[in-house]
Amino acid sequence: MMRHSGEPVRHWTVMSQPDSPPSPTRPLLDFASPRRGKPPRHFADLSMADRRAAMAGVGLPAYRAKQLSVQYFGRLETDVAEMTDVPAKVRSSLASDLFPDLLHPLRTLAADAGTTIKTLWRLHDGALVESVLMRYPDRATVCISSQAGCGMACPFCATGQQGLTRNLSTAEIVGQVVDAARAMRDGAVPGGPGRVSNVVFMGMGEPLANYKTVVDVLHRIADPAPDGLGMSARGITVSTVGLVPRIDQLAQEGLPVTLAVSLHAPDDELRDELVPINTRWKVGEVLEAAWNYAAVTKRRISIEYAMIKDINDQAWRADMLGRLLAGHLVHVNLIPLNPTPGSKWTASRPEDEREFVRRLQAHGVAVTVRDTRGREIDGACGQLAATGTDG
Ligand code: SAH
């Protein structure tokens with residue numbers, strides 16, 4: 001594998017392993033099977049009004065909804081047995097009715113001296129997803145999955161090769177954030193107790209293809225405690241291939257989250273190949289929606305661009321991209337391609353990457369090269385392909 005210049009060598013360690021290997025018979029591509037059942041309902045799926053309404057079903061008065069919210073969203077308590085302010089006689093029915101175990105940690109891998117932690121989760125129906133917690137000196141970011149697999153079929157993306165298994169539920173996505181928040185609070189990540197400051201929807205799946213759920217999740221993360229986790233919406237990034245009507249819709253939600261657009265090419269001819277949804281919504285339309293999003297939310301757009309050697313990294317494409325973006329509220333994030341197994345593509349040469357950066361800057365466009373945290377544990381964002389058998 002080609003290593004990004006200047007990147008330190010990283011070693012990873014297996015922090016936990018299942019006692020027995022996951023079933024080798026579980027097919028990754030499961031199109032032929034009957035429709036999967038919805039995951040069981042969980043407290044985190046519910047708005048505060050719905051939580052209050054759900055109390056009757058478990059034999060509790062409505063006011064207990066707030067108490068449980070303080071436990072789950074405020075204290076990050078996921079185990080009902082530990083909620084000692086809840087009457088003991090209802091705890092077991094509460095656990096099965098409203099706090100089912102949705103995310104079973106199958107394996108945990110650490111890199112970067114323990115500051116990057118990838119968790120492979122098994123869901124109730126055997127589907128596998130991953131999340132990655134990355135601690136930096138000044139912040140901690142959790143990269144979460146919004147779908148099991150992905151239907152967008154980008155040929156350079158590991159998850160894109162799998163096809164879509166199913167959408168995750170609100171609680172399945174929120175649970176990934178809660179787990180990371182607990183790990184930070186409990187000092188499980190080197191550096192002492194801390195907080196998750198950023199949440200990025202850059203794990204498995206296309207978040208805007210699971211739109212209603214993702215908007216629900218945004219509320220659970222950003223609503224003040226105890227309704228939600230009370231994290232800053234400004235610390236949240238939703239990354240998309242460019243589902244134009246959904247970008248327009250998101251702009252109207254009143255949630256100032258950052259929008260990241262996975263552009264990867266400035267021209268339709270190449271983008272049709274790299275991001276197949278481009279055959280539906282063209283570069284010009286996607287950028288138009290992005291500029292509208294920036295105008296409405298006042299948030300700077302992040303343009304994601306995987307640097308693929310001799311495919312999209314030519315100087316003329318940098319100039320073309322620079323011309324498209326110049327003058328807009330935008331920032332380019334270049335991601336050295338993390339080649340998927342068997343990929344015919346690899347990361348750009350360092351000199352081509354440098355020239356690409358230089359040309360974007362010459363157009364006055366802000367640009368950074370993303371660090372490749374967790375690459376050795378296949379934990380680089382967008383590089384998640386939960387197989388359950390390696391990693
Ligand atoms: N579906 C969303 C979120 C997916 S992953 C989206 O496409 O934006 C987050 C980012 O990682 C995307 O920009 C994606 O294009 C990028 N990515 C996927 N596979 C990659 C790879 N092999 N190397 C580098 N970046 C990759």
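**H1 and H2**

I started with the first helix pair in this predicted model. Helix H1 covers residues 48–55 and helix H2 covers residues 64–74. I looked up how they pack: the angle is about 120°, and the axes are 8 Å apart. That angle makes H1 oblique to H2. I noted the handedness of the crossing too, and it is right-handed.

Next I wanted the residues that meet there. From H1 I wrote down Met48, Arg51, Arg52 and Met55, and facing them in H2 are Arg64, Ala65, Leu68 and Ser69. Sorted by type, the residues of this contact come to 4 nonpolar, 1 polar and 3 charged.

**H9 and H10**

I then pulled up helix H9 (residues 315–325) and helix H10 (residues 350–362). Their packing angle is about 30°, with 8 Å between the axes. So H9 runs roughly parallel to H10; angles under 35 degrees get that label. The crossing of H9 and H10 is right-handed.

On the H9 side, I found Ala315, Ala318, Asp319, Leu321 and Gly322 making the contact. On the H10 side, I listed Glu355, Phe356, Arg359, Leu360 and Ala362. The residues of this contact split into 6 nonpolar, 1 polar and 3 charged.

**H6 and what it packs against**

Which residues of helix H6 are buried? In this helix, residues 244–251, I get Val244, Arg246, Ile247 and Leu250. I looked down the axis of H6 and saw that its buried residues fall within an arc of 160°, so they line one face of the helix. A reminder to myself: an α-helix has 3.6 residues a turn, so residues three or four places apart point the same way.

I also checked what that buried set packs against. I noted two helices, H5 (211–222) and H8 (283–297), and two strands, E9 (236–240) and E10 (258–262).

**Ala251**

I stayed with H6 for one more residue, as Ala251 is found in that helix. Is Ala251 buried, exposed or partly exposed? I count it as partly exposed, because it has 19 C-beta neighbours inside 10 Å, and buried takes 20 or more.

Which residues does Ala251 touch, leaving out those up to four places away in sequence? I have Asn292, Tyr293, Val296 and Thr297. I looked at Tyr293 in particular: Ala251 and Tyr293 are 42 residues apart in sequence, yet their C-alpha atoms are 5.2 Å apart in space.

**Asp268**

Asp268 lies in helix H7, residues 268–274. It is partly exposed, with 13 other C-beta atoms within 10 Å. Setting aside neighbours within four places in sequence, I found Asp268 in contact with Asn278, Lys282 and Val283. For Lys282 I also took the separation from Asp268: 14 residues in sequence and 6.3 Å in space, C-alpha to C-alpha.

**Backbone oddities in loops**

I went through the loops for backbone angles to flag. Where is the cis peptide bond I noted? It joins Ala225 and Pro226, with omega about 5°. Pro226 is found in the loop between H5 and E9.

Asp112 is not a glycine, but I read a positive phi of about 55° for it. I placed Asp112 in the loop between strand E2 (104–111) and strand E3 (116–122). Is Asp112 buried or exposed? It counts as buried, because 22 C-beta neighbours sit inside 10 Å.

Asp310 went on the list as well, with a positive phi near 60° in a residue other than glycine. I located Asp310 in the loop between strand E11 (301–307) and H9. Asp310 counts as exposed, because it has 11 C-beta neighbours inside 10 Å. So for the two Asp entries I have Asp112 down as buried and Asp310 down as exposed.

**Whole chain**

Last, I wrote down the totals. How many helices and strands are there in the chain? I have 10 helices and 13 strands. The chain has 391 residues, and buried residues make up 49% of them. I also looked at contacts between residues at least 6 apart in sequence: 68% of these join residues at least 24 apart.

Terms used: Residues are numbered from 1 along each chain as its sequence is written. This is a predicted model: local features need pLDDT of at least 70, side-chain atom pairs count only at pLDDT 80 or more; totals for chains, interfaces and linings use all residues. A residue is buried if 20 or more other C-beta atoms lie within 10 Å of its own, exposed if 12 or fewer, and partly exposed in between; C-beta atoms are placed from the backbone. Helices (H or I, at least four residues) and strands (E, at least two) are DSSP runs, numbered from the N terminus. The arc is that of the directions from the helix axis to the C-beta atoms. Two residues are in contact if their C-beta atoms, placed from the backbone, lie within 7 Å. Axes are lines fitted to C-alpha atoms, for helices over the stretch in contact, and angles run from 0 to 180 degrees between N-to-C directions. Angles under 35 degrees count as roughly parallel, over 145 as roughly antiparallel, 65 to 115 as roughly perpendicular and the rest as oblique. A crossing is left-handed if the near helix is turned anticlockwise from the far one by less than a right angle, and right-handed if clockwise. Ala, Val, Leu, Ile, Met, Phe, Trp, Tyr, Cys and Pro count as nonpolar, Asp, Glu, Lys and Arg as charged, and the others, Gly among them, as polar.
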